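Good morning, everyone. Please have a look at the sequence and the structure before I begin.

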Amino acid sequence: MISHNAKFGNWMVLVILIACASFFTGCLGTDEDSEITANTPAGVMNLQISGSILDPADTAEGFLNAAANSAVLRLIAFDASKNYIDVIDCATGNSVGTGSIAANGTFTVQVDIRANAGKTIMLVIGLKTADGSKGLQIYKCLLGRMPKATEIPDSTAMDSVKITDVDVSFESTAKALFAMEKGLDKDPAEPFFSVSTSEVQAGKTVSKSFSTDNAFQKKIESESGGAENVAQVASAVRA
């Protein structure tokens, strides 16, 4: 009889192999960036997601020394000419938004809510190649499913939603890998945010804070075998 530890060890190897392969692609790949204008056109509902990449600031000196020749270290000082952030549709791998990263690791991305209704989306951060195209992926954050058309208020009173406090890290990367390996990115039951006209603030905007305590994120952790397993894969991704 194969022991539980042996089974978990084999599964860990599989997940780590997926991690290595997925650094070069998104869920299924990437496509050209879609363009979202700064001024929201009539009928468009814009989603703005902002947050921080945690690991560069939290990385211990010992890890920096061990990673002296790694792609991870090269990403610690962010540079728009060397790094990119993308928002991809997990079903196709196509880009569905635009974004930017600041030198301190904070980022902002934008996605058209109505045009991408019902899609499961993921943030991807990586290194640009010598010709400026998207190359090695370092971080992922599987946000979840966008609201479906029937879950979006049909109102002119609201034209944008702001989601703040999204943390991207090796842990979020590990959780994304577990979720994709287990197919949890396929049409989650609940959207990762919801809106109603009663929440509208000045400027036709709804503002919300991202929570990893929602049902989808909890399911990923549970299906991954718990926080300890996520931490083990996060450590493997760091290496």
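I will go through one sheet, then the cores, and then a single serine.

This is a predicted model, in which local features need pLDDT of at least 70 and side-chain atom pairs count only at pLDDT 80 or more, while totals for chains, interfaces and linings use all residues. Residues are numbered from 1 along each chain as its sequence is written, and side-chain values use heavy atoms, with hydrogens and water left out.

Let me start with the open sheet, whose 3 strands come in the order S2-S5-S6 with antiparallel pairing; strands here are DSSP runs of E with at least two residues, numbered from the N terminus, and two of them pair if DSSP finds at least two bridges between them. S2 and S6 are the edge strands, each pairing on one side only. Between S5 and S6 there are 8 bridges, and Leu123 has Cys141 in S6 as its bridge partner.

Now to the cores, a nonpolar core being a set of buried Ala, Val, Leu, Ile, Met, Phe, Trp, Tyr and Cys residues joined through side-chain atoms within 4.5 Å. The largest has 38 residues, of which Leu47 and Val166 touch the most other members. A second, separate core of 13 residues includes Tyr84 and Phe216.

Finally, is Ser160, in strand S7 (residues 160-168), buried or exposed? Ser160 counts as buried because its relative accessibility is 12%, where buried means under 20% relative accessible area and exposed over 50%, with partly exposed in between (1.4 Å probe, protein chains only). Leaving aside neighbours within four places in sequence, the contacts of Ser160 include Met45 and Lys204, contact meaning heavy atoms within 4.5 Å.

Conventions:
Helix = DSSP H or I, 4+ residues; strand = E, 2+ residues; numbered from the N terminus.
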